[in-house]
Amino acid sequence: MTNFILLLISLLFCQNLHSKPVIIAHRGASSYLPEHTLPGVSLAYGLGADFIEADLVLTKDGQLVVLHDIFLEYTSNVASLFPARKRSDGHWYAIDFTLNEIKEMHVYERKNSQNINEQKYKQRFSNIGKIFKVPTFDEFIMLVDGLNKTLKKNVGIYPEIKRPKFHEFEGYDITDLFMKKIFEYQNKKMLPQTFIQCFEPETLKKIYYEYRPSIPLIQLIDENNWQTLGLDKNMVKALQEIKSYSVGIGPSLNNTLFKDHDQMIKKTLLAQFAQSEKLLLHPWTARKDDLPTWAVSFDDLIEKLVKNSQIDGIFTDFTDLTKSLIEAYTSSK
Ligand code: G3P
Ligand code: CA
């Protein structure tokens with residue numbers, strides 16, 4: 001019961017008392033600085049994020065580090081630093097390197113996975129210098145908590161446990177290591193308000209039923225887990241099952257809105273049914289330089305998300321622009 005009350009309180013805080021959609025800085029300030037770097041976290045904080053996202057994977061020595069991929073080559077210089085440590089499938093896996101080795105690497109703006117010599121988003125930060133490092137989850141939490149304390153603010157964190165099944169196959173329980181870390185910082189009163197997200201429903205259920213945290217969980221949804229979640233068979237039943245352990249869903253933009261045959265922009269059935277079930281809607285990811293086909297501009301994207309689908313939060317690469325647009329569209333509601 002105590003946990004339930006704490007969860008309710010934390011949910012009200014997390015949703016900013018439902019006043020307007022929360023802005024979740026996707027991988028830091030990734031439109032302006034390389035993703036998942038401490039300077040990016042600080043910038044996202046300064047740009048006005050309500051929450052800052054951290055994707056998490058494990059190192060060989062079981063340390064949680066902030067990285068989007070289980071691979072290292074798209075965002076670091078691992079290939080030149082450790083050429084012989086590539087697996088036969090052509091990837092350098094974070095799980096094959098100790099934290100000390102990962103700390104030797106430098107982080108760069110994300111490369112194109114089809115052509116590693118190109119940047120994925122050409123207009124973004126194009127450094128060739130050695131400025132950025134892979135942060136640990138501890139460093140990430142301490143930075144946000146420290147900023148909250150010095151600035152007397154309440155910016156949250158939004159960690160995602162990446163690929164739990166892959167980690168299990170490699171012999172690691174990332175969920176257990178993650179939850180221990182969450183409880184450690186909660187006990188030290190250093191844990192900012194938090195949402196926990198994951199694509200794998202088994203992980204969220206395990207957290208909900210075995211660890212019983214007073215922290216809201218968000219079920220991420222994309223085409224890779226659509227069937228696993230049973231959304232292809234009975235969407236309402238699947239969403240009711242999701243609601244038994246999570247407070248909301250994180251669907252892709254195209255699972256939130258779509259353009260119908262008459263070129264009208266409509267809410268998807270997933271978004272409609274989720275809202276009927278009173279699940280929060282936190283879609284991903286708003287990018288000015290990678291718009292969905294149904295948005296003609298970034299302004300248009302945010303306006304449609306706010307007005308056509310009444311989202312509760314949005315993952316964005318452009319925290320500052322999203323914030324000012326949300327202010328504009330919610331104050332004129
Ligand atoms: O976690 C929300 C969104 O970030 C999911 O996509 O691939 O960017 O982690 P990804
Ligand atoms: Ca993520």
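## Serine 252

Serine 252 counts as buried: its relative accessibility is 12%, and the cut-off for buried is under 20%. Keep in mind that this is a predicted model, with the value computed from its atoms.

As for where the residue sits, serine 252 is in the loop that links β7 (248-251) to β8 (257-259). Leaving aside residues up to four places away in sequence, serine 252 touches Ile221 and Trp284.

## Overall fold

Zooming out, the protein chain has 12 helices and 11 strands. Its radius of gyration is 19 Å, close to the 20 Å that the globule rule gives for 333 residues, so the chain is as compact as a globular protein of that length. Measured out along the principal axes, the C-alpha atoms fill a box of roughly 55 × 45 × 45 Å.

## Packing and contacts

Serine 252 has company on the inside: 57% of the 333 residues in the protein chain count as buried. Then there's the question of how far along the sequence the contacts reach. Take the contacts between residues at least 6 apart in sequence, and 69% of them join residues at least 24 apart.

## Surface and charge

On the outside, the protein chain shows an accessible surface of about 15,000 Å². Carbon and sulfur atoms account for 54% of that area.

The charge tally for the protein chain is 40 positive and 41 negative. Average the positions of each set, and the two mean points end up 3 Å apart.

Terms used: Residues numbered from 1 in each chain as written. Chains lettered and ligands numbered in written order. Predicted model: local features only at pLDDT ≥ 70, side-chain atom pairs only at ≥ 80, totals over all residues. Heavy atoms only, no water. Helix = DSSP H or I, 4+ residues; strand = E, 2+ residues; numbered from the N terminus. Rg over C-alpha atoms; globule rule 2.2 N^0.38 Å. Buried < 20%, exposed > 50% of the residue type's maximum accessible area, 1.4 Å probe, protein only. Contact = heavy atoms within 4.5 Å. Areas by Shrake-Rupley, 256 points an atom, 1.4 Å probe, with all protein chains shown as cover. Lys, Arg positive; Asp, Glu negative; His and termini not counted. Charge placed at Lys NZ, Arg CZ, Asp CG, Glu CD.
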